[in-house]
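Welcome, and thanks for opening your viewer. Keep the selection panel at hand, and let's walk through this model one stop at a time.

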Amino acid sequence: MRILIIEDDREASDYLVKAFRQQGHVAEHEHDGLAGYARAAEGEYDVLLVDRMLPKMDGLSLISSLREQGVETPALILSALGQVDDRVKGLRAGGDDYLPKPYAFSELLARVEALARRRVGAKGEETHYRVGDLELDRLSHKVTVGGQEVVLQPREFRLLEYLMKHAGQVVTRTMLLENVWDYHFDPQTNVIDVHISRLRSKIDKGRENQLLHTVRGAGYMIRDSAR
Amino acid sequence: MTALGKLFRTTAFKLSIAYLVLFSIGAGMVLTRVGARVKEVLDEQIEQTVDAEIRALSEQYAQGGLRQLANAVERRVRAPGGSLYLLTNHAGEVIVGNIEQPKFTPSGSSELVETTYERRGEPGETHPALLRLFLLPGGFRLLIGHDIQDHQVLRDILRRALGVSLFWLALVGAFGGLFMAHRMLERVDVMSDSARRIMAGDMHERLAVSGAGDELDRLAENFNAMLERISELMAGLREVSDNIAHDLKTPLTRLRNRAEAALHGSSSDSEHREALAAVIEESDSLIRVFDALLMIARAEAGYSSDNLAMFDADAVVRDIVEMYEPVAEEQGARLDVETQSGLAVTGSRELLGQALVNLVDNALKYGVAGENPTIAVSARRLGENIEIAVADRGPGISPQDRERVVGRFVRLENSRSRPGSGLGLSMAAAVARLHHGALRIEDNAPGLRVALSLPATRAMPGPASRATERA
């Protein structure tokens with residue numbers, strides 16, 4: 001995955017470049033808005049990481065200019081402004097995701113991967129997901145494990161749907177709260193964990209190879225570990 | 001600027017002068033018009049009189065010839081009044097009359113002509129008159145007219161009246177204007193002095209209100225209300241900075257101590273990792289406190305209105321209850337929810353959700369006691385408001401602590417041992433204020449009932465139902 005990081009804080013961008021490279025991605029960086037814009041407009045990137053406050057051209061104008069030019073590379077906005085209305089402004093400008101600073105790298109990585117994946121999978125949403133012997137049909141709202149139907153609450157269904165859509169990827173707690181519950185605040189307690197463990201008891205009960213994994217310090221992942 | 005210069009520059013003075021000029025022009029126009037009209041009327045009267053005389057005298061002449069005419073004129077000349085007569089023959093010799101032959105003789109028109117005459121026996125003393133010449137058969141000329149000295153006196157009176165009234169108008173206007181300007185200026189000066197003192201930092205100073213209820217008073221009252229609000233905001237800001245000093249330095253110190261201990265202390269790799277993990281956890285909780293503080297400050301400063309939308313409060317309540325149900329269950333408690341539907345509110349769905357999370361979280365932390373603990377969450381319409389309440393059956397909060405507990409970082413004695421920042425209730429209160437509502441802390445006898453009361457928005461089906469779907 002090719003990632004362009006546009007961030008004026010050199011220490012932060014060096015850290016991000018190093019961390020993404022360690023994860024096996026190609027990461028490049030620019031330190032001001034204009035250079036970042038030029039590079040993003042010509043280069044082939046899978047994801048842009050854009051700091052909101054940049055010298056020469058701020059992050060939001062950078063993204064909206066790119067969108068006007070028809071550049072649709074997914075962009076994740078990084079910003080110290082983390083209130084709800086800041087987020088709304090960022091997404092309105094054409095950003096695809098918004099992560100307030102300071103953030104955990106695991107959170108950023110999970111979101112970047114989800115964004116890149118969204119781009120690949122943009123050809124059309126699948127209607128049927130399968131992980132191991134777990135199947136979910138989005139049209140009939142049916143979930144089966146080894147052919148046996150499992151009854152899920154509506155929220156549990158959406159939770160599983162989101163996890164399966166991102167099968168093989170780490171999904172963080174805040175991503176779940178945002179996409180399954182549509183709230184953007186910090187889930188202070190273990191709310192998400194409790195929902196996950198309920199879901200787990202329904203789909204992973206008495207199974208040797210668990211499908212729903214907890215990724216320590218990051219979040220959750222659904223994956224067929226038997227393969 | 002000199003004091004006098006300041007006075008002349010006041011709006012009140014300038015207005016007075018402007019009005020003065022306008023009134024003077026008006027008064028001049030009225031008096032001139034009156035004068036002209038009076039002259040017209042008098043002239044008309046004279047014309048009618050002269051016409052009648054000519055008719056009468058020419059009849060006399062027709063009946064009794066020159067003799068009777070001369071007698072008639074003679075009689076009229078003797079009668080008192082301002083009428084003027086002069087009968088001359090074709091040679092210009094005077095037959096009878098009370099005036100000298102005028103230097104200017106009106107030609108033989110039927111028009112009255114304004115001219116001057118001398119009385120008989122008083123040569124050299126001219127008087128104004130309106131005269132008309134009437135030619136009689138046989139070459140006799142009859143001059144008939146009227147003295148108009150009176151008219152001129154009247155005109156002079158009017159002219160003088162105009163002058164005098166303009167003089168007094170100007171005098172009274174100028175002094176009145178100066179007086180009003182002075183009064184205005186005095187009050188404005190007092191106000192700007194107060195404003196200067198306030199700018200210099202005395203936030204307790206207020207503008208003086210005279211009690212007259214005029215526009216300056218209204219202005220002063222509004223300014224005072226504004227100052228009150230600014231003071232409140234500044235106090236809030238000061239409180240935040242105090243809080244930051246007191247309550248953020250403690251965890252920062254803890255953070256630093258941990259890092260230091262890891263640096264100088266034992267050196268096993270796993271211990272280092274453990275210390276680093278603890279440091280990250282500590283900094284995460286610090287970030288949460290920062291976020292909460294910022295959010296409270298933002299909510300209290302007001303929210304830009306383009307981020308406010310209409311949504312169903314009951315949907316948010318159901319969302320949050322659904323979110324927390326498994327958590328409650330894990331603690332052996334039950335969440336009961338009771339909502340009316342279509343409770344539309346204008347504001348921020350996210351912030352209301354967060355406030356509610358705080359309340360439910362609090363209830364689960366402190367309000368779970370006894371057998372079968374139940375937390376009742378409800379949303380209902382209450383008059384013009386929508387009341388969202390979270391009620392538990394726990395130990396509650398004593399009445400004297402209820403007000404205090406909403407403050408930032410306030411943690412009551414029996415809660416200090418548990419995790420928390422002491423910001424949950426103040427954040428909920430800030431969210432309530434942002435929605436122009438209020439947060440109430442009540443006795444649930446036994447237990448605690450925290451209610452958010454928000455003004456209801458008249459429901460329009462469109463956006464409200466969309467918000468429900470989103471949820």
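Throughout this tour, two residues are in contact if their C-beta atoms, placed from the backbone, lie within 7 Å. Please also keep in mind that this is a predicted model.

**Stop 1: where the chains meet**

Select the residues at the contact between the two chains: 20 residues of chain A and 25 residues of chain B take part. On the chain B side, the elements that give two or more residues are helix H5 (269-300), helix H6 (313-330) and helix H7 (349-366) of chain B. Which helix gives the most to the side of chain B that touches chain A? Colour H6(B), which gives the most with 7 residues. Now colour that side of chain B by class, and you will find 11 nonpolar, 5 polar and 9 charged residues.

**Stop 2: the sheet of chain A**

Hide chain B for a moment and show the strands of chain A. An open sheet of 5 strands appears, in the order E2-E1-E3-E4-E5, with parallel pairing. Strand E2 (26-30) and strand E5 (97-100) of chain A each have a single partner strand, so one side of each is left without a neighbour in the sheet. On average, and ignoring direction, neighbouring strands of this sheet are turned by 20° against each other.

Zoom in on strand E4 (residues 75-79) of chain A, which pairs with E5(A) in the parallel sense over 4 bridges. Pick A:Ile77, and its bridge partner in E5(A) is A:Tyr98. Next, add helix H1 (residues 10-22) of chain A, which packs on the sheet and touches strand E1 (2-6), E2 and E3 of chain A. The direction of H1(A) makes about 170° with that of E2(A).

**Stop 3: an annotated aspartate**

Select A:Asp51, in strand E3 (residues 47-51) of chain A. An unreviewed UniProt entry annotates A:Asp51 as "modified residue: 4-aspartylphosphate". Is A:Asp51 buried or exposed? A:Asp51 counts as buried because 23 C-beta neighbours lie inside 10 Å, and the cut-off for buried is 20 or more. Not counting residues up to four places away in sequence, A:Asp51 touches A:Ile6, A:Glu7, A:Asp8, A:Gly59 and A:Leu78.

Before leaving chain A, select helix H7 (residues 173-181) of chain A, where the buried residues include A:Thr174, A:Met175 and A:Trp181. Just after H7(A), A:Asp182 takes a positive phi of about 65°.

**Stop 4: two annotated spans in chain B**

Bring chain B back and select residues 12-31 and 161-181 of chain B, where the unreviewed UniProt entry places the feature "transmembrane region". Residues 12-31 of chain B are 100% helix, with end C-alpha atoms 28 Å apart. Residues 161-181 of chain B are also 100% helix, and their end C-alpha atoms lie 29 Å apart.

Now pick B:Met184, in helix H3 (residues 149-199) of chain B. B:Met184 is partly exposed, with 17 other C-beta atoms within 10 Å. Leaving aside its neighbours within four places in sequence, B:Met184 is in contact with B:Thr10 and B:Ala12. B:Phe13 is 171 residues from B:Met184 in sequence, yet 9.6 Å away in space, C-alpha to C-alpha.

**Stop 5: a helix pair**

Finally, select H7(B) together with helix H9 (residues 424-434) of chain B. Their axes are 9 Å apart, at an angle of about 145°, and the crossing is left-handed. Among the residues making the contact are B:Leu352, B:Ala355 and B:Leu359 of H7(B), and B:Ala428 and B:Val431 of H9(B). By class, this contact has 9 nonpolar, 3 polar and 1 charged residues.

Conventions. Residues numbered from 1 in each chain as written. Chains lettered and ligands numbered in written order. Predicted model: local features only at pLDDT ≥ 70, side-chain atom pairs only at ≥ 80, totals over all residues. Nonpolar A, V, L, I, M, F, W, Y, C, P; charged D, E, K, R; others polar. UniProt positions renumbered as here; feature names shortened; annotations may be inferred. Buried ≥ 20, exposed ≤ 12 C-beta atoms within 10 Å, placed from the backbone. Axes fitted to C-alpha atoms, helices over the stretch in contact; angles between N-to-C directions. Left-handed = near helix turned anticlockwise from the far one by under 90°. Pairing = 2+ DSSP bridges.
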